[in-house]
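Visitor: I would like to learn how the labels in a structure like this one are earned. Could you take me through the reasoning, one label at a time?

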Amino acid sequence: MLSAYQMVDVRLDEESRPERWLAKFHQVRRKHTSTPRALWQLFRCRILVMSLFMILCGCCEFLGTIGLTSILTHLAGSPRGTPLRSWFAASLFGISPIIRGLCMQTFEFHSTRNICHLKSMVIHAIYQKLLKQRPGARPDAGRVTSLVAADTDKIATLRYTLMAAFLVPTEITVASVLLYRTIGWSYIPGLAVLLLTRIPISWLIGRYQEAAQGRVMAAIDARVRRVAQAVKGLQTVKFLGLEDAFGAWIDELRKKEMDALWHKLVIITASDVVSGAFTLVPLVLSLGFYTLVAGQRLTPDVVFTVVAIFNTLKGMMALAVVGVSTYAQAFVSLRRLAGFLDDGDVAEHLALDLDMECKSTLIKALLNEMPVVRGVIGARIFPGEVVSYAGQAPWLKGRSVREAILFHSPFSKARYEEVLQDLGLDIDLQSIPNGDLGDLGANCAALSGGQKARVALARAIYAETRTILLDDILAALDMTTTTLVVERCLLGPLILNRFSADMFSLDNTVTELLKQVVDNFLAIAFRLVAVSSLLPTFLAPAMVLLGLGMFTGQVYLYGSTASKRLYAACMSPLLVDIADSISGIEVIRAHGVQYSYAVYLSSLLEVEMSSFQRIEEYIHRTPQEQRVAGNDTPPPAPPSIDWPSDGRVELRSVTASYATDSNPVLWDIDLAVKPGTCVALVGRSGSGKSSLAATILRLTTKLRGDVFIDGTDINNVDLSLLRRKISFIPQDPTLFAGTLRLNIDFLGERSDAALQGLLDAVMGGPMGAWSLDHIITANGSNLSQGERQLVAMVRALASDSRILIIDEATASLDAESDMNT
């Protein structure tokens, strides 16, 4: 199976290049200022071509009815009209669905091609806009993910609105002519009732569906935002043993989303029922006028013709409802998209109030990433100059050390090797299979905190920029490595991206398609029973045609499933990359690689998606942690209800790795920590200090040996219980959007007074300076790295555990805060 990364090299024809469409979009948008107007200007000629096929389709719809009328008139010997020759009438009856199908499929071809161009262009524009947010603004990851994964798909459903807009009027016009030729002016009351009821009903349905869709999209945004936080901080969730609690936290919003979806489906179902009722009444009314008012006699040719025409109109009215429904839903998405893309641009010159204490804030202001008040500041000599930046929390992009360091820069072997040596990375690479080309997982996740910091610094140095901005980049390094980096680099000549789209499709598209499939199968079944009961010989050819249709559908299924899997394989890394880009937006903008990165992302969009299979595969095929190592049976009860009561930790000949097929990160470790003692583990960056903590928390794969806490083998302890009984403060703490109270006591087990006391003791400042109701933004982006570490310490102290593991958690603290802790 092709991976998404292999798909980057797919060659598109010149007309389909996303950068070409994006250039057109910006050119038109400068004239019309509005995203919806720009989209109309870009696609109006293509829409005209598609509309012509719909008009032709509408005209061909009634060829079969004309043939049927002629045959019935001839058989009845009716003097009304001049019947066509029998062979020609039969031919019309047979070729009508073929011609209509050709017109419809040509429309589908053009619409699908246009949708591909629209999606690639819009997603490209979203990403470009993402990188041009106002200084200090960090886009909402949930909102951006929903725009890419859900809203673009909903805008694409405007094809059905376009289909209804041209097909329905055409068929009503042709139907009026045929009805007049069949029953004269008697058709007018029925058709008038049909139109006069359908227009206001469709408008009312549209209003209700637009409101319902707005609530659905708002609920999706909230859920995706919360899922994105949980995925981003998944390691922290595991450290804290809060998997079930976070699942319930997400389910809370999922329930609200399902309520909104149910309300929307009720409106859609009600509209279908009303549509069917208001189609039967006009038919009865027209035939009643024909017999009771006009005094005409009903004959088979009249009845069958009028019923056939009104059945077609019934389908058109259903299509009108679909058109209104898709318009209502697409309009909500289009408005959300326009709200994002049309929301102003970044100013070129900034002002700054230099009366500040936060060092990180000053650096972000130098990068034009922070809103300012007065004064002039900037790290760029000329607008658009590329600068290098490495922050407190290292942000890496790529699966290997080389990919992360180059970051779209050209490869120079001599300079690259020099940077590796200056930062001591050449030593670390000796222990990594395949060295700097070894696969370390997404964003080099297998590296230690200190190694990530040095790779981020290597990226900044390798870029050969005039200016390098570093924000406490040495905090995660040991003393020996820090000395090496300072002497060789800083004192040398160097001085200053399945939870949206798949769920959206499963909740919306799949249910809508399932309803249509059930409706069609029931209609076919009832018609087969009705006709074959009167004419048994009809059953044989009907079954042959049904079998042929099923065979054709199976052939189509192979191709469509392959294309959807291809699209799904490409969409996942796209959404991950967008989320990663929001996290590392300062680095991307500082290094000036926005355009090339956006081209890479948008080139992944060419085919449709398969959601249900992906969700099912993710649930059932993704390896899961076992609650008790070695089996899935319920764990035995801990030795005592307050286990661990002492906090004794023992490691006996432990060898561990992060996967069964990877090299060990710990070899034959023996360690005993007595209760009530403090033990410091000292070692260079990458020596395994963090891996040792991860092994105690059962986050590694233990190959040999045992770990005991108070004499109990941790393999026999429930995983969530084990992690809740150990407080762990990581190098790079993760915080979640919400209040301080939520972040330090997620389960609500401690009193406000106790939590406030811990806050005052650890955070420093005047009493009550930090409120439990203080709002934390996603990833704690409104706090400095040091403040995030302090909050993580409060969280650990609030758990009141017997065992506390600290992984360089004070690295980003100033001397005063370090003393307080």
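Visitor: What makes Phe43 count as buried?

Guide: In this predicted model, Phe43 has a relative accessibility of 8%. Buried means under 20%, so Phe43 counts as buried. Trp21 gets that label too, because its relative accessible area is 1% and the cut-off is 20%.

Visitor: How many aromatic pairs does a search of the whole structure find?

Guide: The search finds 11. Trp21 and Phe43 form one of the pairs.

Visitor: Why is the pair of Trp21 and Phe43 called stacked?

Guide: Look at two values: the ring centres are 5.2 Å apart and the planes differ by 5°. A pair needs centres within 6.5 Å, and stacking needs planes under 30 degrees apart, so both conditions are met and the pair is stacked.

Visitor: Which parts does the pair of Trp21 and Phe43 tie together?

Guide: Trp21 belongs to helix H1 (residues 18-32) and Phe43 to helix H2 (residues 35-60), so the pair links parts that are 22 residues apart in sequence.

Visitor: And what makes the pair of Tyr416 and Tyr462 edge-to-face?

Guide: Here the centres are 6.2 Å apart and the planes stand at 90°. The distance limit is 6.5 Å and the edge-to-face label starts over 60 degrees, so this pair is edge-to-face. Tyr416 sits in helix H13 (residues 413-422) and Tyr462 in helix H15 (residues 449-462), so parts 46 residues apart in sequence are tied together. Both Tyr416 and Tyr462 are buried.

Visitor: Why are H13 and H15 called oblique to each other?

Guide: Two packed helices are described by the angle between their axes and by the distance between those axes. The axes of H13 and H15 come within 10 Å and cross at roughly 140°. Roughly antiparallel would need an angle over 145, and roughly perpendicular runs from 65 to 115; H13 and H15 are therefore oblique. Their crossing is right-handed.

Visitor: How do you know that the charged end of Arg652 sits over the ring of Phe708?

Guide: The charged end of Arg652 is 4.2 Å from the centre of the Phe708 ring, and the distance limit is 6 Å. Arg459 likewise lies over the face of Phe407, at 5.6 Å from the ring centre.

Visitor: What is the bridge partner of Phe708 in S6?

Guide: That partner is Asp713. Strand S5 (residues 701-709) and strand S6 (residues 712-713) pair in the antiparallel sense over 2 bridges. Pairing requires at least two bridges, so S5 and S6 qualify. Their hairpin has 2 residues between the strands, and Asp710 takes a positive phi near 50°.

Visitor: What makes S4 and S6 the edge strands?

Guide: The open sheet has 4 strands in the order S4-S3-S5-S6, with antiparallel pairing. S4 (666-673) and S6 each pair on one side only, and they are the edge strands. Between strand S3 (residues 649-657) and S5 there are 7 bridges, and Thr655 has Arg704 as its bridge partner in S5.

Visitor: Which side chains of strand S10 are buried?

Guide: In S10 (residues 803-806), Ile803 and Ile805 point to one face and are buried, while Leu804 and Ile806 point to the other face and are not. S10 also pairs in the parallel sense with strand S7 (residues 726-729) over 4 bridges, and Ile726 stands opposite Ile803.

Terms used
Residues are numbered from 1 along each chain as its sequence is written. This is a predicted model: local features need pLDDT of at least 70, side-chain atom pairs count only at pLDDT 80 or more; totals for chains, interfaces and linings use all residues. Side-chain values use heavy atoms; hydrogens and water are left out. Buried means under 20% relative accessible area, exposed over 50%, partly exposed in between (1.4 Å probe, protein chains only). Rings of Phe, Tyr and Trp (its six-membered ring) pair if their centres lie within 6.5 Å; planes under 30 degrees apart count as stacked, over 60 as edge-to-face and the rest as tilted. A charge sits over a ring if NZ of Lys or CZ of Arg is within 6 Å of the ring centre and within 35 degrees of the ring normal. Axes are lines fitted to C-alpha atoms, for helices over the stretch in contact, and angles run from 0 to 180 degrees between N-to-C directions. Angles under 35 degrees count as roughly parallel, over 145 as roughly antiparallel, 65 to 115 as roughly perpendicular and the rest as oblique. A crossing is left-handed if the near helix is turned anticlockwise from the far one by less than a right angle, and right-handed if clockwise.
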